[in-house]
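Have your viewer open and your selection tool handy. We will visit two contact regions, one stop at a time.

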Amino acid sequence: MSESYDRGLVEDFGRWTEFSAGMWAWVFHKFTGWVLVGYLFTHISVLSTSLQGAQTYNNTLSGLESLAVVRLLEVGLLAVAVFHILNGIRLLFVDLGVGLEAQDKSFYASLVLTGVIVVASVPTFLAGAF
Amino acid sequence: MAERYSSFRSGSTTWLLQRLTAAFLVVVLAFHFFNLHFVHHAYEIDFAGSQVRMESLGYYVTMILFLVTATFHGVNGVYNALVNQGIDGKAKRAAQLVLGVAGILLVVQGVRVANALAGF
Amino acid sequence: MYEHDVIVVGGGGAGLRAAIAAQEQGADVAIVTKLHPVRSHTGAAEGGINAALRDGDSWEDHAYDTMKGSDYLGDAPAIDTFAKTAPEEVIQLEHWGMPFSREDDGRVSQRPFGGLSFPRTTYAGAETGHHMLHTLYQQVVKRGIEVYDEWYVSNLAVTDEPDPNDRECHGVVAWDVQSGEISGFKARDGVILATGGLGQAYDHTTNAVANTGDGVAMAYRAGVPIEDMEMIQFHPTTLPSTGVLISEGVRGEGGILYNSEGERFMFEYGYATNDGELASRDVVSRAELTEINEGRGIDDEYVYLDMRHLGEERITDRLENILHLAEDFEGVDGLEEPMPVKPGQHYAMGGIETNEFGETCVDGLYAAGECGCVSLHGANRLGGNALPELIVFGALAGRHAAGEDMGEALIETGPSEELEREELGVPTGAPDVDSAEPAADGGEPVVDARSPEDVVADAEVTEEERIETLLGREDGVNHADVRAELQQSMTENVNVFRQEENLEQALEDIQEARERYQDVYVADKSRTFNTDLQHTIETRNLLDVAEAITMGALARDEFRGAHWRKEHQERKDDEWLKHTMVSWNDGDPELWYRPVLLEGHDQTYEPKNRSY
Amino acid sequence: MSTQTPESETESETEPEAPATTDHQQRRMDDKRVRAEARDEAAAQAATEFEGETVELKVFRYDPEIEGKEEPRFDSFTVPFEKGMTVLDALIFARDEYDSSLTFRHSCRQAVCGSDAFFVNGSQRLGCQTQMGDLEWPVRVEPLPHQDVVKDLVVEMDHFYDQMESVQPFFDPDDLPDGELEEQRQDRSNRENIKLSTRCIWCGACMSSCNIAAGDNQYLGPAAINAAYRFYMDEREGEQKRQERLEIIEQEHGVWRCQTQFSCTEVCPKDIPLTEHIQELKREAVKENLKFW
Ligand SMILES: Cc1cc2nc3c(=O)[nH]c(=O)nc-3n(C[C@H](O)[C@H](O)[C@H](O)COP(=O)(O)OP(=O)(O)OC[C@H]3O[C@@H](n4cnc5c(N)ncnc54)[C@H](O)[C@@H]3O)c2cc1C
Ligand code: HEM
Ligand code: SF4
Ligand code: F3S
Ligand code: FES
C-alpha cells in the first residue's frame with residue numbers, strides 16, 4: 001500500500017541549473033582532479049621512453065611538442081591544474097575553518113584567477129606551435 | 001582511553017594525508033610547471049637537459065617525492081570520490097585493489113624513469 | 001493489534017515526560033503520535049519555565065502567585081503539588097542536558113515574568129520550548145522507547161457502563177497515516193492522553209494546525225467530564241495573517257501600541273493608565289479589540305505595535321528574533337514599519353478533568369499537559385507555567401500509570417449525583433440522527449464487550465466502519481467549510497468579549513455546523529497519507545470542544561480571569577467559586593459544577609482581589 | 001495542466017437517487033442542492049473573482065493509489081496574492097478551495113516544527129518561512145529531492161530520522177553533581193559555542209541539498225553530524241561518551257564524506273553553520289588521533 005516514488009538519479013542530484021557556488025566548486029574540483037590523475041599516468045608513460053634511450057626520448061618529446069593539438073591540450077592542462085591548485089588552496093583554508101563565510105567569493109576568485117593565468121600563459125605555451 | 005593503541009584511524013589518516021600532500025603539491029606542482037614551461041620551454045626539453053636536472057640529488061629527491069605524493073593524492077582522491085558515490089562491499093574492495101596496484105605500478109615506473117634519467 | 005503496558009497518546013512535552021517516567025518505573029511504554037515528537041507544538045514556546053530554584057524564593061510563593069493568577073479558580077492541591085515538584089523537574093531537565101541560558105557562575109538564568117513575585121522563569125534563549133522538547137526526545141531515544149510516529153489516534157477503547165465512573169479504558173484505536181493501516185493498541189496498565197491544545201477552534205490562534213483538541217474530545221465522548229472549558233487565554237500581540245506570536249518582550253523593552261489615529265490608546269483611552277502597554281494579557285487584548293470595534297483599528301482588523309523608536313542597535317541586540325518573525329511571517333520590516341498585531345487564541349486553561357496524578361474518572365485513562373485540567377491555571381494561566389505543568393504532571397501520570405503507589409488523591413473526579421446541575425435552554429450535542437451515520441459521530445460506545453482484547457477489537461471495527469463510510473461517500477460537504485464556519489463563529493462570538501446573545505448565536509452556529517457535518521465527505525479516496533480524512537475527523541473534535549467552551553462561557557455569568565462577560569462585570573465569589581463541568585452524556589451534553597478546592601497541602605488560600 | 005479547478009468540482013455533483021422519505025432527509029437533500037448552487041456560483045466567479053493580484057502555483061502531484069496520479073505530474077493553482085502570504089498559506093488555500101486531496105506536512109506555521117521543508121523554485125525552504133512576494137512567479141513547489149515521495153509533497157523521512165538517531169543524540173554525563181537540586185554548571189562561552197547547533201528542527205532541508213548524501217546513503221549527513229557536534233562540544237559531556245561519539249563521527253561514512261559543498265549551510269532555515277561544524281569535527285578527530293602518535 002505504501003509504495004513510494006523514487007525520482008531516480010537525475011532528480012536525486014537536483015538540476016544543475018540550480019547548483020550553488022559550493023556545488024560547482026565541488027564538480028570542477030572533481031573533474032580537474034580526475035584529469036590530473038589521468039595526466040599523471042600518461043605523463044609517466046611518455047617519460048618512460050627514456051628507458052629506451054636518449055634518442056627515443058627526444059624524438060617522442062619533440063614529436064609531441066610539434067603537434068598543435070598537444071600544445072592546446074597543454075593549455076587545457078594548465079587551466080585544469082591552476083584551477084585545482086587554487087581551489088585546492090581554498091579547500092585547505094576551509095578545512096582550517098578560515099573564510100567560510102566567503103567560500104562562494106573565493107570560488108569565483110579561483111575561477112577568475114585561473115582565467116587570467118591561463119590567458120597570460122598562452123604566448124609561452126603556444127610559442128612556435130603554429 | 002588506554003585501549004587505543006593505533007595512532008590513526010583510516011578516516012582521519014587519509015583525510016589528513018590528502019590535505020598534507022595537497023599543501024606539498026601546491027609548491028612542487030607550481031615549481032614543476034614553472035620550471036618546465038617558463039624557465040625551460042616544453043619544446044626545448046631533451047634527454048640531456050633532463051639528465052642534467054635529474055643528476056642533482058635535491059631535484060631527484062623532490063621529483064620522487066612529487067611522484068609519490070601526487071600518486072597518493074590522486075589515487076586516494078579517486079577512491080574517495082568512489083566511496084562518496086556510495087560504493088560498498090565488493091565494489092569497494094575491487095576499487096581499493098585496482099587503485100592500489102595502479103598506484104604502486106605508477107610509482108615503480110616513475111622511479112625507473114627517474115633512475116634512467118639520473119643514470120643510476 | 002499492538003500491545004504495551006502504557007500507551008501515551010501524544011509526543012509533546014507532556015507525552016514524552018510521561019513516557020520516560022513510566023519507562024523508569026519499569027513499564028513497557030509506547031508513544032503514539034500524529035506528528036513526529038519533535039514536531040509537537042511544545043517546540044513553539046518561547047518564554048520560559050517557572051520554578052522556585054533560588055534562595056529568597058520558595059515553592060509557597062510560586063503556589064501563591066499561581067493561585068492568584070488563576071483568579072481563585074485553581075485547585076489548591078494541584079497548585080501545591082505543582083509548585084513543590086517544579087524545581088526538581090526543571091533540574092532533571094538540566095541534568096538531561098537542556099541548553100538553558102546561563103549566569104556567569106554557570107548556573108541556569110532566571111528572569112522576571114508577568115504575575116510572578118520573584119524572577120523564577122528559567123529559559124533557554126527565546127526558544128525554551130524547542131529545547132525542552134528536544135531534550136526530552138533525546139531521552140526517549142536514549143531509552144529506546146517505542147514511538148509510533150504519524151499514527152493518528154481516533155478513538156479510545158472504553159467500556160460502556162452507564163456511569164462513567166465505572167468505565168475502564170483498555171487502549172486506543174489509531175491508523176498509520178502513511179499506509180492507512182488501522183489498528184488497535186491495547187494498554188495493559190493505562191492510556192495517557194497528552195494531545196495538547198485546541199486552538200484550531202478559532203480562526204486566529206498561536207497554536208499549530210495540529211492543535212485540534214483530539215484528546216479532549218475523545219475523553220469527553222468516552223464519558224470523562226471536561227472542566228472550565230470557557231477559560232481561553234488570548235494573547236494581545238499576534239501577527240494578523242498567521243497568528244504567530246510576538247513575544248511580550250517587545251512591550252517589555254518599550255514597544256508602543258497605536259491605533260489607526262496614531263494614538264497611544266492604552267493611555268489615551270484609559271485602559272491601563274498606570275501600566276500602559278505592560279498591563280496583563282487580558283487587559284491589553286480587550287483594549288485592542290475595543291479600539292478595533294470602535295473603528296480605530298487598521299483595516300478594521302489590527303493595531304500597530306511599534307518598536308522603531310528603540311533604535312536599531314537595541315532591537316537587533318535584544319529582539320532580533322522578532323525582526324525575523326515579522327519579516328518571515330508578515331513581510332514587515334520591524335525597523336522600518338510598525339508591526340500589525342491583534343489578539344489571538346493562545347492557550348486553553350480547561351480540559352479533561354483529572355486529579356493530581358493525572359487520573360480521570362475512567363479507570364486506566366490519564367491526561368496530562370494542555371489537554372488536561374487538574375485545575376492548575378484556573379481562570380488564567382501565568383506565562384511560564386505551562387511548560388513546568390507538562391513535566392510535573394506528565395511525570396506523575398507516567399509513574400502512576402506504570403503502577404507506582406502514590407496514596408490517595410485529594411482531588412475528586414467524575415460526575416456525582418450530589419453536585420449541582422444546570423440547564424442552558426439552548427440545544428446542544430449530537431443532532432438527532434435518524435439515518436444512523438456513525439461516520440459523523442465519534443463512533444459508538446462499545447457494546448457488551450467481555451475481555452479487554454474484545455473492547456479494543458470492537459473499537460477497531462467501529463473505527464474501520466467510520467472511515468469506510470467517510471471514504472465511501474461520493475459527495476457531500478467539505479470539512480474545511482464546516483471548520484471555517486466554526487472558527488469564524490467562535491472568533492466572532494466567543495472571543496475576548498463575551499455577551500449572552502453572541503454566545504447563544506455561537507451555540508446555534510455550532511448546531512448548524514454539526515448538522516452540516518452529518519453530510520461530510522472525504523474527497524481524497526487514497527489510503528496513503530490521507531490528510532483530508534484526518535482533518536475531517538479533527539473537525540468533528542473541534543465541534544465538540546467548541547461547544548463545551550461556549551456552554552461554559554454562557555453559564556458563567558461573571559467576570560473572572562480570562563473570562564469577560566459584558567452583562568456581568570465583576571467576579572462573583574459567592575456564587576462562582578466553582579468549576580464548570582460538561583459531560584457528554586452520550587450526545588446530550590450536561591452542565592454541572594464542582595466546588596473549587598482552596599485548601600492545599602499545608603496552606604489554605606483566601607480569595608483576594610487580583611490586581612498587579 | 002490544471003486538473004482540479006473549481007469548476008471541475010461541480011461536475012461530480014450527482015442527482016439524489018432515491019426520493020426523499022423523511023423530513024430530515026428532505027432537508028439534507030435541499031441543503032445539498034443549495035450547496036451545489038452556491039458552488040456553481042463560486043466556480044463561475046472564481047476565474048474573475050479575485051480582484052487584484054493572483055499568483056500561479058505549480059505543485060508536484062503523486063499518489064500510488066489514485067488513478068491518474070500514479071504518474072507524477074504538476075498541477076497549477078491560481079491563488080489570490082496578499083501581502084505577507086507564505087508558500088504554506090498558498091498551499092493551504094489551494095487545498096481548501098480547490099483540491100482537498102493536495103497533501104503536505106505542516107503544523108506550527110512558524111518555522112519551529114520543521115515539517116514543511118519543500119523544494120521551492122529549485123531550493124530547499126520551509127513553506128511557512130518563505131514569502132510568496134520574495135519568489136519568482138509562477139512558484140514551483142516539489143517534494144524534497146533525494147527522498148522517496150510518499151504522496152504529493154510528502155517524502156519518506158525515516159532514513160533521515162535513522163541518521164539523526166544513529167549519532168546517539170543524547171546527553172550522557174559520567175556523573176551528576178551531588179546534592180539535591182544541584183545543577184551541572186556550564187560556562188557561558190561554552191553554551192555560546194553550542195548554541196547554534198541546538199537550533200536544529202529536523203526539517204531535513206540540509207540533507208536533501210547535499211550531493212554526497214544523495215550518492216552515499218550511509219553518509220550521516222549534515223544534520224546528524226551537527227547533532228553530534230552539539231554534544232561533543234558540550235563541556236559537560238562525559239569522557240566515556242565523548243570517545244564513543246568520536247568513533248561515530250569519524251567512521252567511514254561520517255565527517256570524512258563531507259566535501260564542503262556548503263549547500264547544507266545555505267539552505268538551513270535556522271542558519272546553522274553546518275559546514276563549519278563538520279569541519280571543526282574533522283579537525284577534532286585528527287587532533288584526538290594525533291595525540292597518541
Ligand atoms: C506560541 C506559544 C508560546 C508559548 N510559550 C510558553 C512559554 O513561554 N511558557 C510556557 O510555560 N508555556 C508556553 N506556551 C504553552 C505551552 O507551550 C503549551 O501549553 C504546551 O507546550 C503544550 O504541551 P503538550 O505536551 O500538552 O502538547 P503538544 O506539545 O501540543 O503536543 C501534543 C502532542 O499530541 C499529539 N497528538 C494530538 N492529537 C493526537 C491524536 N489524535 N493522535 C495522536 N497524537 C496526537 C501531537 O502529535 C503532539 O505530539 C506557549 C504556547 C504557544 C502556542
Ligand atoms: C597542486 C596542488 C594540489 C592541491 C592544493 C590539491 C588539493 C586537493 C584537495 C584539497 C583535494 C580534496 C578535495 C576533497 O576531498 O574535498 C583534492 C582532491 C583531488 N586531487 Fe588534488 N590537489 C593538488 C594537486 C593534485 C594533483 C597533481 C593531482 C593528480 C595527480 C590531483 C588529483 C586529485 C584528485 C583525483 C582528487 C579527488 C577529486 C575528487 O574528489 O573526485 N590533485 N585535491
Ligand atoms: S540542520 Fe538546519 S536544515 Fe538541517 S535539519 Fe536541522 S534545521 Fe533543517
Ligand atoms: S552539503 Fe554536503 S558536502 Fe558537506 S558541506 Fe554540506 S554536508
Ligand atoms: S509549519 Fe512548522 S516549520 Fe513550517
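Start by selecting chain B and chain D of this predicted model; between chain B and chain D there is one salt bridge. To find it, pick Lys92(B) and Glu252(D), whose closest N and O atoms are 2.8 Å apart.

Next, look for polar contacts: five residue pairs across the interface of chain B and chain D qualify, with both residues at pLDDT 80 or more. On the chain B side, colour helix 1 (10-39) and helix 3 (57-84), the elements that give two or more residues to the side touching chain D. That side of chain B consists of six nonpolar, seven polar and four charged residues.

Now show the whole contact, with 17 residues from chain B and 19 residues from chain D. Together chain B and chain D bury about 1,800 Å², with 54% of it on carbon and sulfur atoms.

For the second region, move to chain C and select domain 2 (235-345) and domain 3 (438-572). Their contact takes seven residues from domain 2 of chain C and six residues from domain 3 of chain C. The C-alpha centres of these two domains are 32 Å apart.

How much area do domain 2 and domain 3 of chain C bury between them? The value is about 480 Å², 74% of it on carbon and sulfur atoms. Highlight Asp282(C), Arg286(C) and Leu289(C): in domain 2 of chain C they lose the most area to domain 3, together 79% of what that side buries. Then select helix 8 (residues 281-296) of chain C, which gives the most to this side of domain 2, with six residues.

Finally, a search for salt bridges between domain 2 and domain 3 of chain C gives a count of zero.

Notes: Residues numbered from 1 in each chain as written. Chains lettered and ligands numbered in written order. Predicted model: local features only at pLDDT ≥ 70, side-chain atom pairs only at ≥ 80, totals over all residues. Heavy atoms only, no water. Domains from an automatic or database assignment. Contact = heavy atoms within 4.5 Å. Buried area = accessible area lost by both parts, 1.4 Å probe. Salt bridge = Lys/Arg side-chain N within 4 Å of Asp/Glu carboxyl O. Helix = DSSP H or I, 4+ residues; strand = E, 2+ residues; numbered from the N terminus. Polar contact = N/O pair within 3.5 Å; in protein donor to acceptor, adjacent residues only side chain to side chain. Nonpolar A, V, L, I, M, F, W, Y, C, P; charged D, E, K, R; others polar.
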